[in-house]
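Here is a short set of exercises to work through with the model open beside you. Try each task before you read its solution.

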Amino acid sequence: MCVDMLLAFAQRPNIAQEITRSFRFTPLMMYFTSNIHRFPESIHGSMIEALAVLCCHSSSEEHERGFTELKSLILINIAQVVQDREFSKHFQDSRVISRLLDGLDMLDGIISAANLRNMDMLFDLLFEVQPFFEQMLSIYAYGQDIPRKIIQIVESASRYLDMSSLPDNGQMIRFSLNIRSVLQKYEHSYHGSTTYEPSSDTETLTGITTLVQAMSYLVHNEMGFAPNELDRQISREVSDSFGETEIFGLYCIHKTSTHAQIAAPNVMRVYMQMLSDLIQFRTPSLVRWLPADTWKSVINLLICGVDNDIYDVEQRTYEAISKLGAYVKLVGLGNASPELHHIFSQGIKQLLTKLFSALLFSPFDSQLVESAGTALITLGFIDSAHMHDCFRDLLVQGGSSAAFAERLSTTFTKFNQDLEACDAVRLFLSSTGPIPDPIDGTSLRQPLFEFLVRARAVIRVK
C-alpha cells in the first residue's frame, strides 16, 4: 500500500516537488534503499520506479546521489551474481534465480521512470548491463523466467528510452546493436533448448506479446513522426542499423513462436499492429532483409487475419495488405530471390481469393468494407488475371443460368467502370516514389458499397 501511494505521489509533479524539497526526503530515500530487502520482491520494481521518479524532482546533487544508490541496488542483484566465479555451477539454484529476477525487475522499474532528466543515466546503465544479459541468455534456456524478463526490459527500453536524446550516431547505433544482440541470443537460446515444448499457456503467450510490442515500440521510437523510413531525420547509417534490428525482431518472433501461438487472439492483435507499422515504415528493409521462409509465415498470418473474428485484427490486416500491395504494385520486388517472387505470387492469389469470398459471402461489418475493399482492389491491380478467375468461379457456381451470369457480369462491369472513373485510383496508379501511399479508401466507399449490395443481391436470388 505504501509503495502504491509513493508511486502515485511521485507521478504528480506538484506533490513530488514538495516531497523532494522536504528535509525528510533524504532520510526517506535512505530508509527505502537500506530496507528494500524487508519488502516483498514483487514490489521492488514499483518501489525503484517511484524513487527514481521522485529523484528527478530533486536538486542535481540529490538526483545524482539517489540514482547512484538505485543503480547500486540493481547491480548488486545482477552484476554481482553473474560475475561470481561459481555462477556457472549454481545458476539453477532458486536463490540465484530469485536474485537475478529481482535485479531485472528493479531494472525494469527504473527504466519505466525515464524522463529527460535521467535519460542519459539510463542509457549508460543499460549499456553497462548488456554483457550480463548476453551471459544470462547463454546459460538460461528459452521459456524460463529470466529470458522472458530480459525481453520485458527490451520492451521497456524500446518504449521509454528516447533514442533521439542520444548525443551522436555512434550511441544510437550502439543502442540498436545492443537490442539486436539480445534478440540474437534469445533466438539462439530457443534453438539450443532441448526441453522447451511450444504451448499456448498464458505465460508463454504473454512472453510472445512482449516481444512483439518491443518491436512495435522500437519502430515508433526510431521513426518519431516521419511518415516512412525515407523521411526520417537521422542518418542513413543509423536508420539502416535500426531497420536491420527491427527486421531481425520480426524474424525472431517467427523463429521462436508457432503459427498457432501468434494467431492466438491477444497476440494477433499486437502482431498485426506491429506488422502494419513495419510495412508502413520499413517495406524496403523488409524486402531487403527478411528471409523468404519468414515472408511465407507473414503472408500466412495475413491470410489468417482476413475475415477474422476480431475487429482490430481484421482492420490492421486490411491496412497491412493495402500498404504492402501498394509497394508491390508500384515499386515491385526488384532483384529479390525467385523464391520470394514465388511466395508473393502465391500469397497474393490466396489473399485475393479469401478477400473476394469474405466480401461477397461472409457476414461483414460495414465499418470494414472500406479497408477490406481497398485491400481487394489493390491486390486486383497486382494480379488481375486471378481476380478474373475468382469472378469466373463465381459464375460457375451459378450453374447454367444465363440470367444470373448476365446480372453478375453487369454488376462487375459497373464496378470496374466506377473504379476507372475514380480520381483516387488514377492518382494511385500514376504514383511514383520509393514508398507509395495506398489508395485513398474513402473515395472507394460508395462504389464498394454499391457493388457489394448488388453482387450479394444477385448471388442471393440465383
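**Exercise 1. The largest pocket**

Which element gives the largest share of the lining of the largest pocket, and how many residues is that?

*Solution.* A word on the model before we start: it is predicted, so local features need pLDDT of at least 70 and side-chain atom pairs count only at pLDDT 80 or more, while totals for chains, interfaces and linings use all residues. Residues are numbered from 1 along each chain as its sequence is written, and side-chain values use heavy atoms, with hydrogens and water left out.

Step 1: get the space. On a 1 Å grid over the protein atoms alone, a pocket is an open set of points with protein on both sides within 12 Å along at least five of seven lines, whereas a cavity is a set where a 1.4 Å probe fits but cannot get out; lining residues have an atom within 4 Å of a point. Points are joined across faces, edges and corners, and the volume is the space filled by probe spheres set on them. For the largest pocket that comes to about 390 Å³.

Step 2: look at the lining. There are 16 lining residues, and Phe381, Met387, His388, Asn416 and Leu419 are the closest to the centre.

Step 3: assign elements. Helices (H or I, at least four residues) and strands (E, at least two) are DSSP runs, numbered from the N terminus. H19, H20 (384–397), H21 (402–420) and H22 (423–429) each supply at least two lining residues. The winner is H21, with five residues.

Step 4: sort by class. Count Ala, Val, Leu, Ile, Met, Phe, Trp, Tyr, Cys and Pro as nonpolar, Asp, Glu, Lys and Arg as charged, and the others, Gly among them, as polar. The lining then has ten nonpolar, four polar and two charged residues.

**Exercise 2. The second largest pocket and Ser322**

Which residues lie nearest the centre of the second largest pocket? Is Ser322 buried or exposed?

*Solution.* Step 1: this pocket holds about 330 Å³ of space. Its lining runs to 23 residues, with Glu319, Ser322, Lys323, Asp437 and Pro438 nearest the centre.

Step 2: H15, H17 and H19 each give two or more residues to this lining, and H17 gives the most, with six. By class, you get eight nonpolar, ten polar and five charged.

Step 3: zoom in on Ser322, which sits in H17. Buried means under 20% relative accessible area, exposed over 50%, and partly exposed in between (1.4 Å probe, protein chains only). Ser322 has 5% relative accessibility, so it counts as buried.

Step 4: list its contacts (heavy atoms within 4.5 Å). Beyond neighbours within four places in sequence, Ser322 touches Ser371, Thr374, Ala375, Thr378 and Pro438.

**Exercise 3. Closed spaces**

How many cavities of 30 Å³ or more does a search of the whole structure find?

*Solution.* Step 1: the search turns up four.

Step 2: the largest has a volume of about 80 Å³. Among the residues lining this cavity are Ile299, Leu324, Phe344 and Leu379. H16 (292–305), H17 (311–330), H18 (338–361) and H19 (369–382) each supply at least two. The lining splits into ten nonpolar, two polar and no charged residues.

Step 3: the second largest cavity holds about 60 Å³. Its lining includes Gln130, Phe133 and Asn178, and H9 (119–139), H10 (145–160) and H11 (169–192) each supply at least two of the residues. Here the count is seven nonpolar, two polar and no charged.

**Exercise 4. Salt bridges**

Which residues of H11 and H13 pair up, and how many residues apart in sequence are the parts they tie together?

*Solution.* Step 1: call it a salt bridge when a side-chain nitrogen of Lys or Arg is within 4 Å of a carboxyl oxygen of Asp or Glu. The structure holds 23 of them.

Step 2: one of these joins Arg180 and Glu244 at 3.7 Å, N to O. Arg180 is in H11 and Glu244 in H13 (236–255), so the pair ties together parts 64 residues apart in sequence. Arg180 counts as buried at 11% relative accessibility, while Glu244 is partly exposed at 32%.

Step 3: now try Glu222 and Arg282, which meet at 2.7 Å, N to O. Glu222 lies in H12 (202–223) and Arg282 in H15, so this pair links parts 60 residues apart in sequence. Both Glu222 and Arg282 are buried.
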